[in-house]
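Visitor: Please take me closely through one part of this model, the open sheet and the loops that lead into and out of its strands, and give the cut-offs behind each term as you go.

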Amino acid sequence: MTSEHLPLEINGVVKRYRQGASVIEALRGVQLTIRPGEFIAIMGASGSGKSTLLHVMAGLTDVDAGQVLVDGRDLATMSDAELTKFRRAQIGLVFQAFNLIPALSAEDNIRLPAPDGPELTAKTVALLKRLGMLERRKHKPGALSGGEQQRIAIARALICDPSVVLADEPTGSLDSVSGQEICRLLRELCDEQGRSIVIVTHEPHVAMWADRVVVLKDGANLTEFSPSGARDAQELAASYQTALSPLAEASR
Ligand SMILES: Nc1ncnc2c1ncn2[C@@H]1O[C@H](COP(=O)(O)OP(=O)(O)OP(=O)(O)O)[C@@H](O)[C@H]1O
C-alpha cells in the first residue's frame, strides 16, 4: 500500500450513456482526489451520478473524457487483462448486496480474489480476527447475519491490500445498528491501517463517519463539506439540504 502516488485522482471525468438516439451525460467533468487514509462519502440525489462515479473509479466503466488515476496509474491505458489484474490487486469493492458466493464458506469467500500462496491462510485468519469473524469462518453466507456478511465482504475487499476501497451503499441492506457497526469498522480501517475509502450513501448517519462529504448534482461536483462541522446526523442532513438549495447554488 506504500506509494508516492495518491491512491485516487479523478480529473475532469465525463461519462455518457447512449441509448438509441439519446445521450445521457451521467458525469460532467467530475474532480476528486483522495489522500492516503482518507474516508470520503459521496452524496447526491438519485440520478446525480454517484454509482457511475464509483464504477468509473473501479475501472468497471470506461470514460468519455478525463482521467482516472489509481495509485498513479491511468486506468484508460490498460488492456482489459491488465485492468482486471490491477483491479484485483489495488481496488477493493464492497456492495450493498454483499455479493458473496453462497456455496463457499466465509473464509473461502475472503480468499477468493487473492493468489494462492504461503501467506494467504495467515492473512485470511488475521482479517477474520480483526473483523471479529474468526468463530464464524466455516459458515456459509446464508448462515450469517447481514452485518456479518458485510464484514466478510470487507475482508474480501482487503485481502489483496488494495490502495483504495470503494463501497456502494455498504449499509443499504442493514438495520441501523449493524450499519453503524460497519461504518465504525471502515473508519477504524482508515485510522489504523491508512486505508483510503470512498463510499456512496444516501444516509446522513453514514456520512457522519467520513472526513469529507462530496456532493454531486447532475453529474458534477456541487460542493463538499466536513462532517466534523455537524454535531449530529440531523445537522449533517441540514448542511446537505442547504447545499442543494437553489439559494446556496445561486450564491456559488
Ligand atoms: N447503464 C446505463 N445506461 C443508461 N443510462 C444510465 C446507465 N447507468 C446510469 N444511467 C443514467 O446515468 C445517470 C446517473 O446514474 P447513477 O446510477 O450513476 O446515479 P446515482 O446517483 O447513483 O443514482 P441512485 O442514487 O438512484 O443510485 C442517471 O440519469 C441514470 O439514469
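**The open sheet and its loops**

Guide: D161 is partly exposed, with 13 other C-beta atoms within 10 Å (20 or more such atoms would make a residue buried and 12 or fewer exposed, partly exposed lying in between, with C-beta atoms placed from the backbone). This is a predicted model, in which local features need pLDDT of at least 70 and side-chain atom pairs count only at pLDDT 80 or more, whereas totals for chains, interfaces and linings use all residues. Residues are numbered from 1 along each chain as its sequence is written.

D161 sits in the loop that connects α5 (146–158) with β7 (164–168) (helices are DSSP runs of H or I with at least four residues, strands are runs of E with at least two, and both are numbered from the N terminus). Its phi is near 55°, a positive value in a residue other than glycine. On the way from β7 to α6 (176–193) there is another loop, which holds E169; the phi of E169, also not a glycine, is positive too, near 50°. E169 counts as buried, having 20 C-beta neighbours inside 10 Å.

The strand that these two loops share, β7, belongs to an open sheet of six strands with mixed pairing, ordered β6-β7-β8-β3-β9-β10 (strands pair if DSSP finds at least two bridges between them). At the edges stand β6 (91–95) and β10 (220–225), each of which has a single partner strand, so that one side of each lacks a neighbour in the sheet. From one strand to the next, the twist averages 20° (axes are lines fitted to C-alpha atoms, for helices over the stretch in contact, and angles between N-to-C directions run from 0 to 180 degrees).

At the β10 edge, β9 (residues 212–217) and β10 run antiparallel and are joined by five bridges, and V213 has F225 as its bridge partner in β10. Across β3 (39–44), β9 and β10 lies helix α8 (residues 233–244), at about 145° to β10 (residues are in contact if their C-beta atoms, placed from the backbone, lie within 7 Å).

The sheet also leads to the ligand, since G44 falls within β3 (39–44) and is among the residues that surround the ligand, including S46, G47 and K50 (a residue is near a molecule if its C-beta atom, placed from the backbone, lies within 6 Å of it). The largest share of this shell, three residues, comes from α1.

Key
Contact = placed C-beta atoms within 7 Å.
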